[in-house]
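The exercises below go through one structure step by step, each with a task and a worked solution. Please keep the sequence and the 3D view open while you read.

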Amino acid sequence: AADCCGNLHPLRLLLLLIRQASPFQSYASAFHSENDERPFGAQTIVRSWLAMPSAWLCWLLVIVLFWAGGCEGGESVNVLRSMLTPEKRQHIHGDNEYVGWMHVSKGDLEKAKEACIKKADWRESIGKIGMKDMVKHLKSDGYSMVLETLKDCNGNPVVWSFGLPRGDTATIRDHTIYLNERIMANCKPEQVPRATVVIDFRSPSFRFPDKAIREGGFDVNSKYYPWWNENDTIFVGVPKTVQQFFELTKPIMPKSLYERFKFAADYADLSRWIDIKQMPSEWGGESMWTKQRLVQFQCAREGTLCST
């Protein structure tokens, strides 16, 4: 759940906070699957915090990453691309993914090449995934989708997660793949894939992550889209008590991590990070964007027929 700088997955962190905010402990326990035997709670938080390096080491890492950032785009992308066979390149989703792997590999071309090959082999084994495969999920009470063409105030794509997707591991895996590929397709050129992820806590599908979510979502992102945890995440409708408990972590949480988690009372409150012209009307925004239009547009682009 955490990397060397305590980089917790947004959903896992939120659930940790829910469990530790005493008025909501019983409420949060309802999310816990009967078959889930993983340790979860205060010990998990303590272990994550203890795993954090000292402040000076984090600053050193920032400096190293800043230096490596100069090797992530432009010419290095061309070099990395040339190191792969045409067959492997078919399964790397554009220049932004190359930049992402250079970022994760801290500018090391050989490591980035190995990661690209591993990811390409895995992606090839799964086959084509398109909007046609996603349509039925968009009609349920749990889904995640990129609001194609809409951007946050920093120009990054916006992801709408209405609760959590439902289904088995393969279904969640495909959902995760398509979501990441659409994020990369909508990112600014030659940048590490970035998005603002809006998660509606109030959806009936929001629950403790089951095996399918862990293996098809968390694990897939960790292995094949490791830059996912660097996205900004906005939770909508989280109880005030949980937010207050989160604020208590500020002194011991890296600033870059703390600032990536935000809370909105409702969709209208999202205007602090997303211009109302870039928000769907059902969020109280002025955009003409709708799920139906997205499905029609994307299916036409992919050359498939989709039932809306």
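**Exercise 1.** In this predicted model, find the salt bridge between D141 and R166, and work out where its two partners sit in the chain.

*Solution.* Start with the contact itself: D141 forms a salt bridge with R166, and the closest N and O atoms are 2.8 Å apart, which meets the cut-off of 4 Å. Next, place the partners: D141 is in the loop between α9 (131–138) and β1 (143–151), while R166 is in the loop between β2 (157–162) and α10 (169–186). The pair therefore links distant parts of the chain, 25 residues apart. Finally, look at accessibility, where D141 is partly exposed with a relative accessible area of 27%, and R166 counts as partly exposed at 37%.

**Exercise 2.** Which elements does the salt bridge between R81 and D95 tie together?

*Solution.* First consider the distance, since the closest N and O atoms of R81 and D95 are 2.4 Å apart in this salt bridge. R81 lies in helix α5 (residues 75–82) and D95 in helix α7 (residues 94–104), so the pair ties together parts that are 14 residues apart in sequence. As for accessibility, R81 is partly exposed at 23%, and D95 counts as partly exposed at 30%.

**Exercise 3.** Decide for R207 and for D210 whether each is buried or partly exposed.

*Solution.* The two residues form a salt bridge whose closest N and O atoms are 3.3 Å apart. The cut-off needed here is that buried means under 20% relative accessible area. R207 has 15% relative accessibility and counts as buried, whereas D210, with a relative accessible area of 25%, is partly exposed. To complete the topic, the count of salt bridges comes to 13.

**Exercise 4.** Describe the second largest cavity by its volume and its lining.

*Solution.* Begin with the count, which comes to three cavities of 30 Å³ or more. The second largest cavity has a volume of about 110 Å³, and among the residues that line it are M131, M134, L138, E148, H175, R182 and L294. The elements that give two or more residues to this lining are α9, β1 and α10. Sorted by class, the lining of the second largest cavity has eight nonpolar, two polar and two charged residues.

**Exercise 5.** How are the rings of W101 and W227 arranged, and which parts of the chain does this pair tie together?

*Solution.* The count of aromatic pairs comes to 15. W101 and W227 form one that is edge-to-face, with 5.0 Å from centre to centre and 80° between the planes. W101 lies in helix α7 and W227 in the loop between α11 (211–224) and β4 (232–236), so the pair ties together parts that are 126 residues apart in sequence. Both W101 and W227 are buried.

A further pair is formed by W160 and Y267, which is edge-to-face as well, with 6.0 Å from centre to centre and 85° between the planes. This pair links distant parts of the chain, with W160 in strand β2 and Y267 in the loop between β5 (261–264) and α14 (291–302), 107 residues apart. W160 counts as buried at 3% relative accessibility, and Y267 counts as buried at 12%.

As a last step, place W101 and W227 in their wider setting: together with W122, Y224 and Y225, they form one aromatic cluster.

Key
Residues numbered from 1 in each chain as written. Predicted model: local features only at pLDDT ≥ 70, side-chain atom pairs only at ≥ 80, totals over all residues. Heavy atoms only, no water. Salt bridge = Lys/Arg side-chain N within 4 Å of Asp/Glu carboxyl O. Helix = DSSP H or I, 4+ residues; strand = E, 2+ residues; numbered from the N terminus. Buried < 20%, exposed > 50% of the residue type's maximum accessible area, 1.4 Å probe, protein only. 1 Å grid on protein atoms, 1.4 Å probe; cavity = no way out; pocket = protein on both sides within 12 Å on 5 of 7 lines; lining within 4 Å. Points joined across faces, edges and corners; volume = space filled by probe spheres on them. Nonpolar A, V, L, I, M, F, W, Y, C, P; charged D, E, K, R; others polar. Phe/Tyr/Trp six-rings, centres within 6.5 Å; stacked < 30°, edge-to-face > 60°.
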